[in-house]
Amino acid sequence: MVPAVQTPALVVDLDVVEANVRTMAAALPGDRLRPHVKAHKCTRLAWVQRRVGGHRGFTCATVREVEGMAAAGLGDDLLLANEVLDCRRLGALVERGARVTVAVDSEETIAAAADGGVREVLVDVNVGLPRCGCRPDDAGRLADRARARGLSVRGVMGYEGHATAVADRSERAAVVESAMERLATAHALVGGDVVSAGSTVTYDLNRRATEIQAGSYVLMDSYFGPMAPAFGQGLFLELTVISVSRRYAVADGGLKCLGMDHGPPVLVGGGEVLVVSDEHLTFAPPPGEPVRVGDRVRVIPAHVDPTVAYHAVLHVERAGAPADRWAVDLRGW
Ligand SMILES: Cc1ncc(COP(=O)(O)O)c(C=O)c1O
């Protein structure tokens with residue numbers, strides 16, 4: 001019989017997801033967490049974070065994510081933690097009653113927010129990651145410019161993404177601390193109630209942010225797993241074995257369904273991933289455990305965000321059995 005779920009398929013263990021949401025909410029209840037939806041791009045999962053975790057505000061990376069969240073009834077307090085030069089779609093959401101705050105780090109992004117109809121901003125500060133954000137000592141000037149354009153400045157944000165690459169916990173803590181010192185310098189110049197920062201692997205090290213923007217903790221991946229052991233693996237890529245040779249086997253999914261920027265995936269149950277190409281994953285099964293054509297195998301992706309973005313559907317399991325199909329409805333830009 002042909003199995004109901006066609007592969008490659010993303011499978012979500014909802015029991016693990018809910019446990020992860022509860023664990024994080026126990027550490028960071030309510031508005032102490034502003035979950036980042038870029039990791040799962042799924043409003044049904046955001047609703048789990050709202051219902052089970054009690055979080056009201058969310059972080060987004062794209063205009064599309066903000067739109068989708070507002071359309072799903074989750075528009076109470078959405079932060080677009082990214083620079084945007086055309087804010088008209090965001091302004092339209094504000095017109096319809098959503099609360100939207102956008103990150104700004106230049107005169108141009110301030111002008112875009114004001115011209116596009118966004119009313120609230122955070123000054124985005126570079127805290128050490130070579131990405132967006134102004135210099136800490138320039139944050140006060142930008143806040144003044146924003147206020148002069150009629151914008152309300154809620155505070156600052158600064159994502160310490162460079163700390164998430166530091167495997168050792170005490171070294172990571174030191175990187176977080178120096179990043180948050182930069183953010184505190186900027187906050188003193190900007191004012192406002194919000195100091196937004198943080199991630200799945202720094203949420204319990206970052207003592208200065210008023211809210212943490214963790215995202216991966218809901219589903220997790222093999223790269224963050226050892227650095228955030230409080231959270232279980234809730235996402236798997238299921239594949240079908242399509243060919244077997246004496247030394248290896250080949251499954252039916254590769255680079256086009258799997259984020260590989262953090263390395264190859266990990267096989268559930270052991271074995272070694274040998275090569276990942278466009279549509280194939282070549283692997284050595286565990287010694288003494290041969291696989292056959294038609295067998296199903298599961299792998300743990302090394303990077304959850306890009307993996308999810310390749311897929312339109314999440315196959316949701318409850319107690320190990322298929323329970324539902326949820327759309328990855330926040331995809332696109
Ligand atoms: C702006 C921003 N905040 C927070 C995060 C943290 O997300 P995660 O918990 O998945 O590390 C990210 C991840 O890239 C990000 O870009």
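**View 1. K41 and E65 share a polar contact of 2.7 Å between their side chains.** A polar contact is a pair of N or O atoms within 3.5 Å; within protein, one atom must be able to donate a hydrogen and the other to accept it, and residues adjacent in sequence count only if both atoms are side-chain atoms. The model is predicted: local features need pLDDT of at least 70, side-chain atom pairs count only at pLDDT 80 or more, and totals for chains, interfaces and linings use all residues. Residues are numbered from 1 along each chain as its sequence is written, and side-chain values use heavy atoms, with hydrogens and water left out. K41 lies in the loop between α1 (14–27) and α2 (43–51). Helices (H or I, at least four residues) and strands (E, at least two) are DSSP runs, numbered from the N terminus. K41 is buried, at 9% relative accessible area. Buried means under 20% relative accessible area, exposed over 50%, partly exposed in between (1.4 Å probe, protein chains only). Phi of K41 is near 50°, a positive value in a residue other than glycine.

**View 2. The ligand is surrounded by residues that include H36, K38, Y159 and F224.** Also among them are R131, Q213 and S216. A residue counts as near the ligand if one of its heavy atoms lies within 4 Å of it. The shell divides into 3 nonpolar, 7 polar and 2 charged residues. Here Ala, Val, Leu, Ile, Met, Phe, Trp, Tyr, Cys and Pro count as nonpolar, Asp, Glu, Lys and Arg as charged, and the others, Gly among them, as polar.

**View 3. Side chains of R131, Q213 and S216 approach ligand atoms.** A polar side-chain atom of R131 lies 2.9 Å from a ligand oxygen. For Q213, a side-chain N or O atom is 2.6 Å from a ligand nitrogen. For S216, a side-chain N or O atom is 2.5 Å from a ligand oxygen. Taken alone, the ligand exposes 390 Å², and the protein buries 93% of that. Accessible areas come from the Shrake-Rupley method with a 1.4 Å probe; for residues, only the protein chains shown count as cover.

**View 4. M220 has a positive phi, near 70°, in a residue other than glycine.** M220 lies in the loop between β8 (211–212) and β9 (235–244). M220 is buried, at 1% relative accessibility.

**View 5. W326 is found in strand β16 (residues 321–327).** W326 is buried, with a relative accessible area of 6%. The C-alpha atoms of W326 and L314 are separated by 5.1 Å. W326 and L314 are 12 residues apart along the chain.
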